Amino acid sequence: GAGKTTMLHAATINLDQQQRPVLGFAPTAKAARVLETESGMRSDTVAKLLHDLRHRPAGFEPPAAGTTIVIDEAGMLNTADLHQLINHTDHFGWRLALVGDPHQLHAVGRGGMFDELCATGLTIELDQLHRFTHDWEAAATLQLRRGDPSVLNTYAEHKAIIAGTFDEHLAGVVNEWRWHQTMNTTLAITTTRNDDVHTINNAI
């Protein structure tokens, strides 16, 4: 909720106006689709870029010198891929912009370099939250980001956490989903086990 998407959209417009090429990449296909949809920059996965640079398939042209390469969710990049990206950036004359949150998901493989760069390098940080309706939510999410378990009490006080067994919650989840359907809004339902996913979907 700090405005990262809005910032990237504005940056894309600005670069386009200056006729400076910009391309977006992300560690996952889902993140790349979100980046393209919300920022307006043409986007793909980091793996696809590195594969094409390595194998040079027919019709592939490396991004031109001066291209701004935006890597979203950069904290999820493993060290080997980041190393390759930096080498290619030097070779082709790109500008590499790493965007992400060092407190969010890390790389599946060997990683940690994004955290190190954020701690020791020159960074620009978005430090005001805009997404939340209530002031307590913005403060609470920062506590959650820092891993402070006492924030769970805040969520419970505001009825954002409701304790109960899976069976006790099932009817409430289904009713909540149906209400959102009638309001033409979306509701994300997540759980930790595939069996629970099937049970919820069947109940809905």
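This note walks a newcomer through a predicted model of one protein chain, point by point.

1. **Overall layout.** A good place to begin is the list of elements. The protein chain holds nine helices and four strands. Read from the N terminus, the order is α-β-α-β-α-β-α-β-α-α-α-α-α. Taken along the principal axes, the box filled by the C-alpha atoms is roughly 60 × 35 × 35 Å.

2. **Surface and interior.** How many of the residues count as buried? Of the 204 residues in the protein chain, the share is 26%. The exposed area comes to about 13,800 Å², and carbon and sulfur atoms supply 53% of that. As for contacts in the protein chain, among those between residues at least 6 apart in sequence, 61% join residues at least 24 apart.

3. **Charges.** The protein chain carries 16 positive and 24 negative side chains. The centres of these two sets lie 5 Å apart. Some of the charged side chains pair up, and the structure holds five salt bridges. The next three points look at some of them.

4. **A bridge between a loop and helix α1.** The side chains of K4 and E73 meet in a salt bridge, with an N to O distance of 3.5 Å. K4 sits in helix α1 (residues 4-17) while E73 belongs to the loop between β3 (68-71) and α4 (79-92), so this pair ties together parts that are 69 residues apart in sequence. Buried or partly exposed? For E73, a relative accessible area of 22% makes the residue partly exposed. K4, at 24% relative accessibility, also counts as partly exposed. K4 and E73 have company too: salt bridges that share partners join K4, D72 and E73 into one network.

5. **A bridge inside helix α3.** Here D52 and K48 form a salt bridge, and their closest N and O atoms are 2.7 Å apart. Both residues lie in helix α3 (residues 46-55), and because they are four residues apart there, about one helical turn separates them. The two partners differ in cover: D52 is buried at 8% relative accessibility, whereas K48 is partly exposed at 39%.

6. **A bridge from helix α6 to a loop.** R145 and D101 form another salt bridge, with 2.8 Å between the closest N and O atoms. This pair links distant parts of the chain, since R145 is in helix α6 (residues 135-145) and D101 is in the loop between β4 (95-98) and α5 (113-120), 44 residues away. R145 counts as partly exposed, with 32% relative accessibility. D101, by contrast, is buried, with a relative accessible area of 16%.

7. **Aromatic pairs.** Turning to rings, the structure holds two aromatic pairs. In one of them, the ring centres of F92 and W94 are 5.1 Å apart and the planes are at 10°, so the pair is stacked. F92 is buried at 17% relative accessibility, and W94 is buried at 7%. In the other, W136 and Y155 have ring centres 5.6 Å apart and planes at 75°, so that pair is edge-to-face. W136 is in helix α6 and Y155 in helix α7, which puts the partners 19 residues apart and links distant parts of the chain. W136 counts as partly exposed at 21% relative accessibility, whereas Y155 is buried at 16%.

8. **A histidine in helix α8.** You will find H180 in helix α8 (residues 166-182). H180 is buried, its relative accessible area being 14%. What does H180 touch, leaving aside its neighbours within four places in sequence? The contacts are T185, T186 and L187.

9. **Two loop residues with positive phi.** Which value does phi take at Q19? The angle is near 55°, a positive value in a residue other than glycine. Q19 lies in the loop between α1 and β1 (22-26) and is exposed, with a relative accessible area of 75%. K159 also has a positive phi, near 60°, and is likewise a residue other than glycine. The place to look for K159 is the loop between α7 (151-157) and α8. K159 is exposed as well, with a relative accessible area of 65%.

Notes. Residues numbered from 1 in each chain as written. Predicted model: local features only at pLDDT ≥ 70, side-chain atom pairs only at ≥ 80, totals over all residues. Heavy atoms only, no water. Salt bridge = Lys/Arg side-chain N within 4 Å of Asp/Glu carboxyl O. Buried < 20%, exposed > 50% of the residue type's maximum accessible area, 1.4 Å probe, protein only. Contact = heavy atoms within 4.5 Å. Areas by Shrake-Rupley, 256 points an atom, 1.4 Å probe, with all protein chains shown as cover. Lys, Arg positive; Asp, Glu negative; His and termini not counted. Charge placed at Lys NZ, Arg CZ, Asp CG, Glu CD. Phe/Tyr/Trp six-rings, centres within 6.5 Å; stacked < 30°, edge-to-face > 60°.
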